[in-house]
Amino acid sequence: MKKIWNNYSYALILIAVTFIFSILFAGQLKSVEEEYITVTVKEGDSLWVLAEELADTHNQPVNEFVAWIEKQNRISDGRIYAGDELVVPIVQTEDGSTELAGLELYE
């Protein structure tokens, strides 16, 4: 056993550290996704109207807001339909207020 540890100790430590960091990183990704607000599209809504309403509240340019919504919701032609649920770049804080999330459009 000691011979195995002496030969492979660096590899075993590297595997353990990688495993721990991957678990921590996966947990952070899941919690961030769950914090985004979801908006249900109503009859007559358009992507630009929704973006204007939400972007104005959070002092964000509408075109960046629309681009983020299209990317995250996999909308290619800008069309949305009544009943669609769209994830928007707004997070709800613990006190019930909302704030703009980081948009990071061009990853």
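Visitor: How many helices and strands are there in the protein?

Guide: There are 3 helices and 3 strands in the protein. Keep in mind as we go that this is a predicted model. From the N terminus on, the elements run α-β-α-α-β-β. Helix α1 spans residues 2-35, and strand β1 takes up 36-40. Helix α2 covers residues 47-57, helix α3 covers residues 62-72, and strand β2 is 85-92.

Visitor: Before the details, what share of the residues of the protein count as buried?

Guide: Of the 107 residues, 23% count as buried. The accessible surface comes to about 8,300 Å², and 56% of that surface belongs to carbon and sulfur atoms.

Visitor: Let's take the helices. Which residues of α3 are buried?

Guide: Start with the general idea. An α-helix has 3.6 residues a turn, so residues three or four places apart point the same way. Now the case here: V62, F65, V66, W68 and I69 are the buried residues in α3. Because they cover an arc of only 160° around the axis, they sit on the same side of α3.

Visitor: And which residues are buried in helix α2?

Guide: In α2, the buried residues are L47, L50, A51 and A55. Their arc around the axis is only 120°, which puts them on the same side of α2. On the other side of α2 you will find D56 and T57, which are exposed.

Visitor: What about the backbone after the helices: which residue with positive phi follows α2?

Guide: That is N59, with a phi near 50°. After α3 comes R74, and its phi is positive too, near 55°. R74 is a residue other than glycine, and it is found in the loop between α3 and β2. With a relative accessibility of 76%, R74 counts as exposed.

Visitor: Now the interior. Which residues have the most contacts inside the largest nonpolar core?

Guide: The general idea is that in soluble globular proteins, nonpolar side chains tend to be buried together. In this model, the largest nonpolar core has 16 residues, and those with the most contacts inside it are L47, L50, F65, I69, I80 and L86. At least two residues of this core come from each of α2, α3 and β2. Helix α3 gives the most, with 5 residues.

Visitor: I'd like to follow one of those. What does L50 touch, not counting residues up to four places away in sequence?

Guide: L50 touches V39, V41, D45, I80 and L86. L50 itself is one of the buried residues of α2.

Visitor: And V88, where is its place and is it buried or exposed?

Guide: V88 is in strand β2. V88 has a relative accessible area of 2%, so it is buried. Leaving aside neighbours within four places in sequence, V88 is in contact with Y36, I37, V39, L54, W68 and I69. Take L54 from that list: V88 and L54 are 34 residues apart in sequence, and their C-alpha atoms are 8.7 Å apart in space.

Visitor: How can I read such long-range pairs across the whole protein? What percentage of contacts between residues at least 6 apart join residues at least 24 apart?

Guide: The figure is 58%. For another pair to look at, try S46 and I80, which are 34 residues apart in sequence and 6.6 Å apart in space, C-alpha to C-alpha. S46 is found in the loop between β1 and α2. Its relative accessible area is 28%, so S46 is partly exposed.

Visitor: Turning to the surface, which residues form a nonpolar patch there?

Guide: The patch is formed by I4, W5, Y8, L12, I13, V17, F19, I20, F21, I23 and L24. Together they have about 1,100 Å² of accessible area. Y8, one of the patch residues, lies in helix α1.

Visitor: Last topic, charges. How many salt bridges does the count come to?

Guide: The count comes to 1 salt bridge. The side chains of R79 and D77 meet in it, at 4.0 Å from N to O. As for their surroundings, R79 is exposed, and so is D77.

Methods:
Residues are numbered from 1 along each chain as its sequence is written. This is a predicted model: local features need pLDDT of at least 70, side-chain atom pairs count only at pLDDT 80 or more; totals for chains, interfaces and linings use all residues. Side-chain values use heavy atoms; hydrogens and water are left out. Buried means under 20% relative accessible area, exposed over 50%, partly exposed in between (1.4 Å probe, protein chains only). Helices (H or I, at least four residues) and strands (E, at least two) are DSSP runs, numbered from the N terminus. The arc is that of the directions from the helix axis to the C-beta atoms. Patches are made of residues with over 30% relative accessible area and no salt bridge: like charges are joined within 9 Å, nonpolar side chains (Val, Leu, Ile, Met, Phe, Trp, Tyr) within 5 Å. Accessible areas come from the Shrake-Rupley method with a 1.4 Å probe; for residues, only the protein chains shown count as cover. A nonpolar core is a set of buried Ala, Val, Leu, Ile, Met, Phe, Trp, Tyr and Cys residues joined through side-chain atoms within 4.5 Å. Contact means heavy atoms within 4.5 Å.
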